[in-house]
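Please give me a guided tour of this model, stop by stop. At each stop, say what to select and what is there.

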Amino acid sequence: MTPVDRAVFVAAYSRLVADVWADPVKEQALDRDPRGFLAGYGLHLPEDVQVRVVRDIADADPDLEVQIESWQQAGTTGTFVLFVPSLLPVAQAELAEDELDSVVAGLDPSCACCCPCCCT
């Protein structure tokens with residue numbers, strides 16, 4: 001795989017994952033027709049290559065190199081494994097009033113009201 005081909009694949013794969021995370025309709029489209037969904041991102045596979053979608057890998061960080069290797073070897077192995085890492089929800093927490101007071105655009109609240117103290 002040339003550096004250009006690699007960059008094109010990484011960009012397409014990244015857009016695909018972001019879209020699946022952001023849009024339930026796209027997630028459903030991936031489930032219905034993975035091959036067609038890949039093609040919509042410019043990722044075309046030979047007809048004899050099967051597509052297997054793997055999601056929600058517990059305790060595993062997404063490994064881009066594994067995804068690239070699966071893409072490169074799909075013609076040889078006959079299977080392309082598309083890893084779609086799970087999107088972990090952002091933790092929610094309540095802040096106490098004093099904690100809120102200390103968060104003013106990332107500045108010390110005693111200094112956030114005037115320019116001279118932060119511009120010098």
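Which side chains meet in a salt bridge at 3.0 Å, N to O? Select E27 and R55: their side chains form that bridge, a salt bridge being a side-chain nitrogen of Lys or Arg within 4 Å of a carboxyl oxygen of Asp or Glu. E27 lies in helix α2 and R55 in strand β1 (residues 50-55), so the pair ties together parts that are 28 residues apart in sequence. Helices (H or I, at least four residues) and strands (E, at least two) are DSSP runs, numbered from the N terminus.

A note on the model before moving on. This is a predicted model, in which local features need pLDDT of at least 70 and side-chain atom pairs count only at pLDDT 80 or more, while totals for chains, interfaces and linings use all residues. Residues are numbered from 1 along each chain as its sequence is written, and side-chain values use heavy atoms, with hydrogens and water left out.

**Stop 1: around R55**

Keep R55 selected and add D31. The side chains of D31 and R55 also meet in a salt bridge, at 2.7 Å from N to O. This pair links distant parts of the chain, with D31 in helix α2 and R55 in strand β1, 24 residues apart. E27, D31 and R55 are thus linked in a network of salt bridges. E27 is partly exposed, with a relative accessible area of 30%, and R55 is partly exposed at 25%. Here buried means under 20% relative accessible area, exposed over 50%, and partly exposed in between (1.4 Å probe, protein chains only).

**Stop 2: R6 and E65**

The count comes to four salt bridges. For another of them, select R6 and E65, whose closest N and O atoms are 2.4 Å apart. R6 is in helix α1 and E65 in helix α4, 59 residues apart, so to speak of distant parts of the chain is apt for this pair. R6 is partly exposed, with a relative accessible area of 31%, and E65 is partly exposed at 43%. Side chains of opposite charge can pair when their charged atoms come close.

**Stop 3: the whole chain**

Zoom out and color by secondary structure. The protein has six helices and two strands, in the order α-α-α-β-α-β-α-α along the sequence. Of the 120 residues, 22% are buried. Among contacts (heavy atoms within 4.5 Å) with a separation of 6 or more, 62% are between residues 24 or more positions apart. The protein exposes about 8,400 Å², of which carbon and sulfur atoms supply 56%; the areas come from the Shrake-Rupley method with a 1.4 Å probe, and for residues only the protein chains shown count as cover.

**Stop 4: helix α1**

Select residues 3-22. This is helix α1, with 20 residues, and it reaches 28 Å from its first C-alpha to its last, close to the 28 Å expected at 1.5 Å a residue. The expected span is 1.5 Å times one less than the number of residues.

Which residues of α1 are buried? They are F9, V10, A12, Y13, L16, V17 and V20. The buried residues of α1 pack against α2 (24-32), α3 (34-39), α4 (64-77) and β2 (79-84). An α-helix has 3.6 residues a turn, so residues three or four places apart point the same way.

A11 is also found in α1, but A11 is partly exposed, with a relative accessible area of 35%. Draw a distance from the C-alpha of A11 to that of Y41: the two are separated by 9.3 Å and lie 30 residues apart along the chain.

**Stop 5: the aromatic rings**

Show the side chains of F37 and Y41. The structure holds four aromatic pairs; rings of Phe, Tyr and Trp (its six-membered ring) pair if their centres lie within 6.5 Å, and planes under 30 degrees apart count as stacked, over 60 as edge-to-face and the rest as tilted. The rings of F37 and Y41 have their centres 5.2 Å apart and their planes at 50°, so this pair is tilted. Both F37 and Y41 are buried.

Next, select W71 and F80. They form an edge-to-face pair, 5.1 Å centre to centre with 85° between the planes. W71 is buried at 17% relative accessible area, and F80 is buried at 1%. Add F9 and Y13 to the selection: F9, Y13, W71 and F80 form one aromatic cluster.

**Stop 6: the nonpolar core**

Finish with F9, L16, L38, L45, F80 and L82. These have the most contacts inside the largest nonpolar core, which has 20 residues. A nonpolar core is a set of buried Ala, Val, Leu, Ile, Met, Phe, Trp, Tyr and Cys residues joined through side-chain atoms within 4.5 Å. The elements that give two or more residues to this core are α1, α3, α4 and β2, and α1 gives the most, with seven residues.

Center the view on L16. Leaving aside its neighbours within four places in sequence, L16 is in contact with F37, L38, Y41 and L82. In soluble globular proteins, nonpolar side chains tend to be buried together.
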